[in-house]
Amino acid sequence: MIFLAAAAAILLSGCVKDKNEQEATSDEHALVKAGDLVPDISITSIGEGESYLSRSETRRTLIYFWRWDCSYCAGETPTVLALYKSVATNPNVRIVSIMRGDTGTSYKASTYWAEQLDAAGLTPADGPAVYYDENREVFDQFASGYVPRFCVVASDGKVEWNTSGEFSLEVLSRRLLGY
């Protein structure tokens, strides 16, 4: 009975268990594949209002999709924040954090994010902005399921990598910086 409850929780949250160090550019759930132009999206930032992500962005961008209640995301978020700290002064790259949510979970997401920032020695002012995708309108343009999910967009607006899993700081850094 406990096993069934745990399995249901993982399926409902769409978390991924695999430690994924492979170099595949896309997984079977990716709707935007390597070589595709990234969709232009509008999304609300927790605490900052509406923002736009555009294919005309000239910086390399790592989009990190996560959920506040995903244990695998909780394991991956410190790696993403360590990456952010290592590239924060690089004007050619950025990290966009998007919480894949459900109606009414923005408070939980903002609390979770604040705790993660604090653990990484960051504040909301000096950490990456977090965006709230309440109805999966943004996420569903990128994938049919599974978080944590990473999408790297090159400076020409084309997706280079869109996959889910847990990755090392080295892999995420190499992907974001284009090595």
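In strand S3, the side chains of Arg60, Leu62, Tyr64 and Trp66 point one way, those of Thr61, Ile63 and Phe65 point the other way, and all of these residues are buried. The model described here is a predicted one. Strand S3 spans residues 60-66, and because seven of its seven residues are buried, the strand is largely enclosed by the rest of the structure.

Strand S3 has pairing partners of both senses. With strand S4 (residues 93-100), S3 pairs in the parallel sense, and seven bridges link the two. Within this pairing, Trp66 is found opposite Met99 of S4. The connection from S3 to S4 passes through helix H2 (residues 71-87), giving a β-α-β crossover that is right-handed. Strand S6 (residues 149-153) runs antiparallel to S3 and is joined to S3 by five bridges. Here Tyr64 has Phe150 of S6 as its bridge partner.

Several of these residues return when the nonpolar packing is considered. The largest nonpolar core comprises 49 residues, and those with the most contacts inside it are Ile63, Phe65, Trp66, Ile95, Ile98, Phe142 and Phe150. Helix H2 supplies the largest share of this core, with seven residues. It is worth pausing at Phe65, one of the residues with the most contacts inside the core. Once neighbours within four places in sequence are set aside, Phe65 is in contact with Ile98, Val138, Phe139, Phe142, Val147, Pro148 and Arg149. Among these contacts, Ile98 lies in the range of S4 (residues 93-100), and Arg149 in that of S6 (residues 149-153).

Methods:
Residues are numbered from 1 along each chain as its sequence is written. This is a predicted model: local features need pLDDT of at least 70, side-chain atom pairs count only at pLDDT 80 or more; totals for chains, interfaces and linings use all residues. Side-chain values use heavy atoms; hydrogens and water are left out. Buried means under 20% relative accessible area, exposed over 50%, partly exposed in between (1.4 Å probe, protein chains only). Helices (H or I, at least four residues) and strands (E, at least two) are DSSP runs, numbered from the N terminus. Two strands pair if DSSP finds at least two bridges between them. A crossover is right-handed if, with the strands pointing away from the viewer, the path from the first strand over the helix to the second runs clockwise. A nonpolar core is a set of buried Ala, Val, Leu, Ile, Met, Phe, Trp, Tyr and Cys residues joined through side-chain atoms within 4.5 Å. Contact means heavy atoms within 4.5 Å.
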